[in-house]
Amino acid sequence: MTAITETDTIVEFRGVGKRFGTMQALSNINLSVERGEVVVILGPSGSGKSTLCRCINRLEVIDEGEILIDGHVQPLEGKALYKFRTEVGMVFQSFNLFSHKSILDNITMAPRKIRGIDKHTAEARARELLKLVGIENKAGSRPSQLSGGQKQRAAIARALAMEPKVLLFDEPTSALDPESTQEVLATMRSLAQNGTTMVVVTHEMSFARAFADRIIFMAEGQIVEMADPESFFTNPQSERAQAFLSSVH
């Protein structure tokens, strides 16, 4: 096994804290995500999972500590923050597609406007990504013409179009019906198998068990347990994790 060097760490939390008013949402988070690793964050509602995820690309501003992406501390504002966010892809619960534009335009907009990629190159790459996520026949469609699962797969393609160093998923299947959920999970499994660095907040235990390299279990804004999937699901060490797993089985 190749030794991991510092440059192999894509995301690093150092003593991160986050408050919402008087509520401590995150407390002393120390966590590293390595290149090509799939880290799945589990925990009960209100445990801080989504907050942790949203802090990575500074959608939430931390109060203590620091977060590094590929060895660089998060910029605070301005053009540096804008560039930083192009390196961190995010897939939300609610798709966030532009309803008045075609799927192809949704995917090519950021590469063209932010990266300065020409239209022909951007569209060729977008079509490759649509094929990757299994909706290559929807390039000319508007979001309203797609199912929930197709919209989410389009959102994944849009995030991938910027060639991010890490891809964040914040409950990507929570708004979907079971069939659409399976479509999206199949796409995520393909990305995991292709070595995409991923941080995934989810309630999908089957995905976590089969495709995570590491499980992070959170409760009350803290990391309670960190383990490989087999160890976590068969022999959780904390009472909090044991209670959580018994409630979801």
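The following conversation asks how some descriptions of this predicted model are reached.

User: Hi! How many aromatic pairs does the structure hold, and why is the pair of Phe217 and Phe244 called tilted?

Analyst: Happy to help. There are 4 aromatic pairs in the structure. For Phe217 and Phe244 the ring centres are 5.3 Å apart, and rings pair if their centres lie within 6.5 Å. Their planes meet at 50°; stacked would need an angle under 30 degrees and edge-to-face one over 60, so this pair is tilted.

User: What makes this pair a tie between separate parts of the chain?

Analyst: Phe217 belongs to strand S9 (residues 214-219), while Phe244 belongs to helix H9 (residues 239-248). The pair therefore ties together parts that are 27 residues apart in sequence. Both Phe217 and Phe244 are buried, and they form one aromatic cluster with Phe232 and Phe233.

User: How do you know that strand S9 is largely enclosed?

Analyst: By counting its buried residues: 6 of the 6 are buried, so S9 is largely enclosed by the rest of the structure. Arg214, Ile216 and Met218 point one way from S9, while Ile215, Phe217 and Ala219 point the other way. In a regular strand, side chains alternate between the two faces of the sheet.

User: Which strands pair with S9, and in what sense?

Analyst: Strand S3 (residues 38-42) pairs with S9 in the parallel sense over 4 bridges, and Val40 has Ile215 in S9 as its bridge partner. Strand S10 (residues 222-227) runs antiparallel to S9, joined to it by 5 bridges. There, Ile216 stands opposite Met226. The cut-off for a strand pair is at least two bridges, and the counts are 4 for S3 with S9 and 5 for S9 with S10. In the hairpin of S9 and S10, with 2 residues between the strands, Glu220 takes a positive phi near 50°.

User: How do you know that Cys53 and Cys55 are not joined by a disulfide?

Analyst: The sulfur of Cys55 is 9.3 Å from the closest cysteine sulfur, the one in Cys53, which is too far for a bond. The cut-off is 2.5 Å. A search of the whole structure finds 0 disulfides.

User: Why are these two cysteines called buried?

Analyst: Buried means under 20% relative accessible area. Cys53 has 0%, so it is buried, and Cys55, also at 0% relative accessibility, counts as buried too.

User: What makes helix H1 mostly covered?

Analyst: Of the 8 residues of H1, 6 are buried. They are Lys49, Thr51, Leu52, Cys53, Cys55 and Ile56. Just after H1, Arg58 takes a positive phi of about 65°.

User: Why are strands S2 and S5 described as standing at the edges?

Analyst: They belong to an open sheet of 4 strands in the order S2-S1-S4-S5, with antiparallel pairing. Strand S2 (23-34) and strand S5 (72-73) each have a single partner strand, so one side of each is left without a neighbour in the sheet. Helix H1 (residues 49-56) packs on this sheet, where it touches S1, S2 and strand S4 (64-69). The direction of H1 makes about 60° with that of S2.

User: How many bridges join S1 to S2?

Analyst: There are 8 bridges between S2 and strand S1 (residues 9-20), and the two run antiparallel. Glu12 stands opposite Ser32 in S2.

User: Which residues have the most contacts inside the largest nonpolar core?

Analyst: They are Val40, Leu42, Ile156, Phe169, Met188, Met198 and Phe232, in a core of 46 residues. Helix H5 (residues 148-160) gives the largest share of this core, 6 residues. Apart from it lies another core, of 28 residues, among them Leu26, Leu31, Leu81 and Met218.

User: Last one: why is Lys83 called exposed?

Analyst: The cut-off for exposed is over 50%. Lys83 has a relative accessible area of 51%, so it counts as exposed. Lys83 lies in helix H2 (residues 78-86). From C-alpha to C-alpha, Lys83 is 8.4 Å from Ile114, although the two are 31 residues apart in sequence.

Note on methods: Residues numbered from 1 in each chain as written. Predicted model: local features only at pLDDT ≥ 70, side-chain atom pairs only at ≥ 80, totals over all residues. Heavy atoms only, no water. Phe/Tyr/Trp six-rings, centres within 6.5 Å; stacked < 30°, edge-to-face > 60°. Buried < 20%, exposed > 50% of the residue type's maximum accessible area, 1.4 Å probe, protein only. Contact = heavy atoms within 4.5 Å. Axes fitted to C-alpha atoms, helices over the stretch in contact; angles between N-to-C directions. Core = buried A, V, L, I, M, F, W, Y, C linked by side-chain atoms within 4.5 Å.
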